[in-house]
Amino acid sequence: MNNFNFHNPVSIIFGKNTIAQLSDILPQNEKIMLLYGGGSIKRNGVYDQVTKALKGFDYVEFSGIEPNPSYETMMEAYEIAKQENVTFLLPVGGGSVIDGTKFLAAALCLPEGVESWGILQGTVPVEKAMPLGCVLTLPATGTEMNGNSVVSRKSTCEKLSFGSLLVMPKFSILDPEVCFSLPDKQIANGIVDAFIHVMEQYLTFPNNTPLQDLWAESILRVLIDTAPKVMSDHTNYDAMANFMWSATMALNGIISRGAIEDWSTHIIGHELTALHGIDHGRTLAIVLPGNMNIRRAVKGKKIMQYGERIWGITQGSDNEKIDKTIEKTVEFFESLGVPTRLSAYNLGKETCLEVAQRLANRGVVNFGEAGDITQEVVVKILEDRI
Ligand code: NZQ
Ligand code: ZN
């Protein structure tokens, strides 16, 4: 097991009717900015719950943060936050609203004149951030309990991420009932995203982490068990609650401590979103099976452990067991209506080459848990999924 530090300061408030607690936990005497997306919170009653709890607080609103939040939109929020002397940020939404707000939190505290895009390029360190607290409306990303943020720049078609303990929320409110209004597609995307977050931290190579492995496997099991329930009935509170908590636990740092992590499926997937606008979770469902197939020399032992413990695959040669395990994984994603091939989006060889070239141009080479993913391997992983 690798050495590690672990500190997760996010306070989680989970359950029915918990949004009302905002009035107790929001800091007094701050200028609050309430941030949200394209309006789902107005249609499902979350906006009303939040604004009711905000009575008596001094706040401004910023709306219109789009899926895959853009730098351009967040800079509009930046201008308003500066003008209004905002001191506390309250994102209400899915991963996009929360991630965009984390970036804003860091950007607002940069010294005058420093270009905030550098935070995402990794050239500007985050030394300070404005505090934020969240209301999550979409289980998927785990952003409610981590320090990560992914932001896209429309003008350059880039999708980049940064991570800092300083942008971890002070609190996150998770009321499964607010997710009842999610469309099928977003629920499916969220299940796949959470599932693959676990895979990025688990499906690497053995590193003497039996406890972390069992935690990871238990999250996968609960997601597999819950998926059909939540897909067939969005108002099944018990199923939604288990999905929501699993998605949070999948990326709050616990299962990866001391373990080997990969993240190459995400790195490649982000390019598919940047280039073709494919939803985040959907890009992962394409890339992961190719990653497992092409990189079986690196991942083989863990693929077989996963195959046996999650799908009960025990028969056949190692290669046969790996093949069956990939098949079961693909079947699971497809059962949610999430395609696992590039051709489902009318994409082919050209995209495989373009993604690999874009990564190479940015110096993203020799990545993955074994540093074995070259430009050629990216092409092979994607070509495997045409
Ligand atoms: O904008 P509104 O109107 O709110 O609608 C949203 C949006 O259209 C809608 N929605 C959210 N909650 C809803 C709802 N509709 C009905 N009822 C509700 N309760 O869902 C749509 C998608 O929302 P979005 O926030 O984009 O989805 P998600 O939570 O999947 O976030 C995706 C973003 O997170 C990043 C992704 O790359 C992508 O940019 N990620 C962030 C991570 C992190 N911070 O740790 C890790 C992930 O790997 C991921 O990269
Ligand atoms: Zn993800």
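Biologist: Which residue has a polar backbone atom 2.7 Å from an oxygen atom of ligand 1?

Modeller: This is a predicted model, so every distance here is computed from it. G38 is among the closest residues to ligand 1. The partner of the ligand oxygen, at 2.7 Å, is a polar backbone atom of G38.

Biologist: How much of ligand 1 does the protein bury?

Modeller: Contacts come from side chain and backbone. A side-chain N or O atom of T143 is 3.2 Å from a nitrogen atom of ligand 1. A backbone N or O atom of N148 lies 3.1 Å from a nitrogen atom of the ligand. Ligand 1 taken alone exposes 960 Å², and the buried share of that is 90%.

Biologist: How many charged residues are in the shell around ligand 1?

Modeller: The shell holds 32 residues. Helices α5, α7 and α10 and strand β6 each supply at least two of them. Nine are nonpolar and 20 are polar; the charged ones number three.

Biologist: Which residues are the protein donors of the zinc ion, ligand 2?

Modeller: Their spacing along the chain reads D-x3-H-x68-H-x13-H. The donor atoms lie 2.0 to 2.1 Å from the zinc ion. One OD and three NE2 atoms do the job, from D193, H197, H266 and H280.

Biologist: Which helix holds both D193 and H197?

Modeller: The two donors sit four residues apart, about one turn of a helix. Both are buried. The helix spans residues 184–202 and is α7.

Biologist: Are D193 and H197 buried or exposed?

Modeller: The cut-off for buried is under 20% relative accessible area. D193 and H197 both belong to that class: buried.

Biologist: Why is the pair of F14 and W245 called edge-to-face?

Modeller: There are nine aromatic pairs in the count. In this one the ring centres are 6.0 Å apart. Planes over 60 degrees apart count as edge-to-face. The F14 and W245 planes meet that because their angle is 70°.

Biologist: How many residues apart are F14 and W245?

Modeller: F14 is in strand β1, residues 11–14. W245 is in helix α9, residues 237–250. The pair links distant parts of the chain, with a separation of 231 residues.

Biologist: What is the relative accessible area of W245?

Modeller: Its ring partner F14 is partly exposed, at 33%. W245 also counts as partly exposed, and its value is 36%.

Biologist: Which residues do ring pairs link into a cluster?

Modeller: Beyond F14 and W245, ring pairs also build a cluster. Its members are F195, W311, F332 and F333.

Note on methods. Residues numbered from 1 in each chain as written. Chains lettered and ligands numbered in written order. Predicted model: local features only at pLDDT ≥ 70, side-chain atom pairs only at ≥ 80, totals over all residues. Heavy atoms only, no water. Donors = N, O, S within 2.8 Å, 3.2 Å for Na, K, Ca; no water. Buried < 20%, exposed > 50% of the residue type's maximum accessible area, 1.4 Å probe, protein only. Near = heavy atom within 4 Å. Polar contact = N/O pair within 3.5 Å; in protein donor to acceptor, adjacent residues only side chain to side chain. Areas by Shrake-Rupley, 256 points an atom, 1.4 Å probe, with all protein chains shown as cover. Nonpolar A, V, L, I, M, F, W, Y, C, P; charged D, E, K, R; others polar. Phe/Tyr/Trp six-rings, centres within 6.5 Å; stacked < 30°, edge-to-face > 60°.
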